[in-house]
Amino acid sequence: MLIRKRSEIPSSEITPEKTYIDRRKFIGATLAGVGAVAVGRTRLPSLLAAEGDSGVGFPADDELTPYELITSYNNFYEFGTSKEDPARNAQEFVTRPWTVRVEGEVSRPADYDLDDLLRPHTPEERIYRLRCVEGWSAVIPWLGIPLRDIIERLQPTSNARFVEFTTLLDPEQMPGQRRRVLNWPYVEGLRMDEAMHPLTLIAVGLYGRELPNQNGAPLRLVVPWKYGFKSGKSIVKIRFRRNMPLTSWADAAPREYGFYANVNPEVDHPRWSQARERRLGKFLRIRTQMFNGYGEEVAHLYNGMDLRRWF
Ligand SMILES: Nc1nc2c(c(=O)[nH]1)N[C@H]1C(S)=C(S)[C@@H](COP(=O)(O)O)O[C@H]1N2
Ligand SMILES: [Mo]
């Protein structure tokens, strides 16, 4: 991997987000050598363009959510259903070696070692909002690879209309899987055009360092215009399909969670409003934006679709 494991980083190098932001400018000047976690190998232009303008997906008026909150308030039911459980229960989770099976309607199906799957690509920084269906949100500097770049190498066939992502099934390591809270393993999916959209990422890090286990190490989906549950974590299988996959949350509660799960303040969850959200670490609630604020980039994907029906 391009990024050092968190456990290999001396605690003196673990910086709070203010230092991180200053360091981003500094990195722009030097590019090399700083104690910054292998960031010399991340692609910097997008990162630098983000300063002061609103580049792709960069909410210039949004403050980054502190690292400590992003990594201590999580949804990852494989490690427990309360927000503190994943940070506590995922510490020993083994994410190397890691194999991703690619199968279905694809020209290059295989079991790929993670490093082989990712090697030709360089993670780049993308600052995206994440909006959970439960009403909280965060602003996160991800390190990721556009899913599109990976898919292009795998060469799906013309029959592939959907992509399904499956999380590891391992009750030994994932204590949450010993209870049937969900139909394990966790499954998520996208329509092919959503998967190929340039905003869609496979994230391998955040805040310039390797993805913490509780955030979905070693690789997870990030689809910024959809509710957080579309971001399947710790992925072991990518299946290209003709038909729409049955995703875990739609399977568990079909009236509450649809396949699309686009952030939409006008379509409420049956049990609560989706009009507002609370940023982690902030007190006041703010208005939720259509497509989580990414409408200009993605609204065209849903032209002519009734978003109340296809929620
Ligand atoms: N495998 C798996 N992936 C998952 C979940 C989960 O329970 N299991 N929870 C989802 C939900 S509901 C959200 S909001 C995001 C949370 O990501 P974060 O903990 O990194 O903020 O992960 C998503 N991915
Ligand atoms: Mo969520």
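**Figure 1. Ligand 1 sits in the largest pocket.** Welcome to this predicted model, which we visit one close-up at a time. The opening view shows the shell around the ligand. In total, 17 residues surround ligand 1. The closest of them are Tyr-77, Glu-78, Arg-220, Ser-231 and Lys-233. Sorted by character, the residues of this shell divide into seven nonpolar, seven polar and three charged.

**Figure 2. Side chains of Glu-78, Thr-167 and Asn-215 meet polar atoms of ligand 1.** Here we look at individual atom pairs. Glu-78, already met as one of the closest residues, has a side-chain N or O atom 2.8 Å from a nitrogen atom of the ligand. For Thr-167, the distance from a side-chain N or O atom to a nitrogen atom of ligand 1 is 3.0 Å. Asn-215 faces an oxygen atom of the ligand instead, with a polar side-chain atom 2.9 Å away from that oxygen. How much of ligand 1 does the protein cover? On its own, the ligand has 540 Å² of accessible area, and the protein covers 98% of this.

**Figure 3. Phe-162 and Phe-259 form an aromatic pair.** The structure holds 14 aromatic pairs, and this view picks out one of them. Are these two rings stacked or edge-to-face? Their planes stand at 85° with the ring centres 5.6 Å apart, so the pair is edge-to-face. The two partners come from distant parts of the chain, 97 residues apart. Phe-162 belongs to strand E5, which spans residues 162-167. Phe-259 lies in the loop between helix H8 (248-252) and strand E11 (276-279).

**Figure 4. Two peptide bonds leading into prolines, Pro-97 and Pro-185, are cis.** Start with the bond from Arg-96 to Pro-97, where omega is near -10°. To find Pro-97, look in the loop that connects helix H4 (85-89) with strand E1 (99-104). Then move along to the bond from Trp-184 to Pro-185, which has omega near -5°. Pro-185 is located in the loop between E5 and strand E6 (187-191). Strand E5 may sound familiar: Phe-162 from the previous figure is part of it.

**Figure 5. Ala-261 has a positive phi.** This last stop is a detail of the backbone. The phi angle of Ala-261 is near 55°, a positive value in a residue other than glycine. Where along the chain is Ala-261? Look in the loop between H8 and E11, the loop that also carries Phe-259 of the aromatic pair in Figure 3.

Conventions:
Residues numbered from 1 in each chain as written. Chains lettered and ligands numbered in written order. Predicted model: local features only at pLDDT ≥ 70, side-chain atom pairs only at ≥ 80, totals over all residues. Heavy atoms only, no water. Near = heavy atom within 4 Å. Polar contact = N/O pair within 3.5 Å; in protein donor to acceptor, adjacent residues only side chain to side chain. Areas by Shrake-Rupley, 256 points an atom, 1.4 Å probe, with all protein chains shown as cover. 1 Å grid on protein atoms, 1.4 Å probe; cavity = no way out; pocket = protein on both sides within 12 Å on 5 of 7 lines; lining within 4 Å. Sits in = over half its atoms within 2 Å of the grid points. Nonpolar A, V, L, I, M, F, W, Y, C, P; charged D, E, K, R; others polar. Phe/Tyr/Trp six-rings, centres within 6.5 Å; stacked < 30°, edge-to-face > 60°. Helix = DSSP H or I, 4+ residues; strand = E, 2+ residues; numbered from the N terminus.
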